[in-house]
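Got your viewer open? Load the model and let's walk through it one selection at a time.

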Amino acid sequence: MEKVFIIGLGLIGGSISRAIKKEHPSVQLVGYDIKNDQVQMAKKLGIIDQSAESIKEGAESADVIIISTPVEQTLNVLTFLGELSLKEGVIITDVGSTKKKIVDHASFSLPKTVTFIGGHPMAGSHKSGVAAAKTHLFENAFYILTPGSNERPEKIEQLKKLLKGTKAQFIVMTPEEHDSITGVISHFPHLIAASLVHQAEKKEEMFPIIKRLAAGGFRDITRIASSNPVMWRDIIVHNHDVLIKLFDEWIQEMKQIKQFIEKLDKEQLYTYFEKAKTYRDGLPEREKGAIPSFYDLYVDVPDYPGVISEITGYLAKEEISITNIRILETREEIFGVLRISFQSDEDRMKAKQCIDRYTNYETYIL
Ligand SMILES: NC(=O)C1=CN([C@@H]2O[C@H](COP(=O)(O)OP(=O)(O)OC[C@H]3O[C@@H](n4cnc5c(N)ncnc54)[C@H](O)[C@@H]3O)[C@@H](O)[C@H]2O)C=CC1
Ligand SMILES: O=C(O)C(=O)Cc1ccc(O)cc1
């Protein structure tokens, strides 16, 4: 039986694990994470079959190793893997949002008997953690692979076959191409989104109402600023060469628009917006990726048909509104984890107290 070892049981590691299990039920999925609560949750949700006590324990008997940690940690994990006695022919891949540093690091840390294929599933969300993992997170998304030039094509095919359940579309490119492209469409926009949020926050002292008015377009353009700061800090540091160049180009662009505005050049301003609209309107629509912000509460419940109405009944009694509710997929079908989403943290805390009062189900926030 093929054994797949997942290092880093978060949103992406958990989603990949689910997708593998769906397509290949006989694969043995073993997981490891530095955070024990993530490991326990992954087991409870049936995302992994078993956990490993250490990377060594899981890696040395694995046929495929998937590293799904923040990119800076991925380098440490690769160094560590390079010191172990791995199976000959093992395939190692990662899911990091940057590729050049990782592929370079893999090529000097790992022995030649193992195959390293860099990977990046280009979908996700601003949520973190294994509880948010979904089997279909990557459906219709692009999944970039950056194999080393010496890797055998059959190894790439073997990895694609294992990952078939993601229903993603695979594209092979060089790490440099990958980092230049994701710099423009993902990493740099992230910096801009964060800077817009800071700009609004600075104005709050002068206009306290600004927060309440910053809805609609502002929320759309800054949604990605709600993502995991550790993950993004690491991505920006890894891709700094590309980003510094993009900064220079962006500053030039901003100077140009500023001039149009200073000169009140209506024609240039119109053309600027009109050209942006034409290009933007021509972008292909993608159904995945954009998951709006929710405040989630988790409740361990026995998996019986009336459980959702029981819980919503208590919440209705206290007039607490919810935005979403669902039982996360479980394999044991004895206990389930109910995920209830709220509009605000205040509602979530009220709901937690309410459920704690009416039931003896365990409630928690991740
Ligand atoms: N979140 C997203 O939308 C996307 C993220 N990625 C990439 O996927 C990777 C993981 O991201 P997420 O799953 O979103 O993060 P996450 O925070 O949900 O999960 C990462 C997990 O790695 C664990 N971890 C950290 N250091 C570790 C170590 N040394 N050994 C074992 N476990 C360790 C953490 O405890 C955590 O559970 C990152 O490299 C990111 O660049 C790629 C595509 C989309
Ligand atoms: O939340 C979103 O829309 C994203 O863009 C998610 C995302 C984050 C990091 C990646 O490397 C790829 C996709």
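Here is a short tour that begins at the ligand and moves outward to some helices. Keep in mind that this is a predicted model.

**Stop 1: the ligand.** Select ligand 1 and show the 31 residues around it; Gly 8, Gly 10, Ile 12, Ser 97 and Gly 124 come nearest. Colour that shell by class and you should get 13 nonpolar, 16 polar and 2 charged residues. Now switch on the cartoon: α1 (11–23), α4 (71–82), β6 (115–121) and α10 (229–238) each supply at least two residues of the shell. Which of the elements gives the largest share? That would be α4, with 4 residues.

**Stop 2: α4 and its partner.** Stay on α4 and add α5 (residues 100–109); the two helices pack at an angle of about 10°, and their axes are 9 Å apart. With angles under 35 degrees counting as roughly parallel, α4 and α5 are therefore roughly parallel to each other. To see the contact, show side chains for Val 71, Thr 74, Leu 75, Leu 78, Thr 79 and Gly 82 on α4, then Lys 101, Ile 102, His 105, Ala 106 and Ser 109 on α5. By class, this contact has 5 nonpolar, 5 polar and 1 charged residues.

**Stop 3: α10.** Next, pick Met 231, Trp 232, Asp 234, Ile 235 and His 238, the buried residues of α10. Why do they sit on the same side of α10? Because they cover an arc of only 160° around the axis. Turn to the other side of α10 and you'll find Pro 229 and Val 230 exposed. Finally, bring back the neighbours: α4, α5 and α7 (175–203) are among what covers the buried residues of α10.

Definitions and conventions. Residues are numbered from 1 along each chain as its sequence is written. Chains are lettered from A and ligands numbered from 1 in the order in which they are written. This is a predicted model: local features need pLDDT of at least 70, side-chain atom pairs count only at pLDDT 80 or more; totals for chains, interfaces and linings use all residues. A residue is near a molecule or strand if its C-beta atom, placed from the backbone, lies within 6 Å of it. Ala, Val, Leu, Ile, Met, Phe, Trp, Tyr, Cys and Pro count as nonpolar, Asp, Glu, Lys and Arg as charged, and the others, Gly among them, as polar. Axes are lines fitted to C-alpha atoms, for helices over the stretch in contact, and angles run from 0 to 180 degrees between N-to-C directions. Angles under 35 degrees count as roughly parallel, over 145 as roughly antiparallel, 65 to 115 as roughly perpendicular and the rest as oblique. Two residues are in contact if their C-beta atoms, placed from the backbone, lie within 7 Å. A residue is buried if 20 or more other C-beta atoms lie within 10 Å of its own, exposed if 12 or fewer, and partly exposed in between; C-beta atoms are placed from the backbone. The arc is that of the directions from the helix axis to the C-beta atoms.
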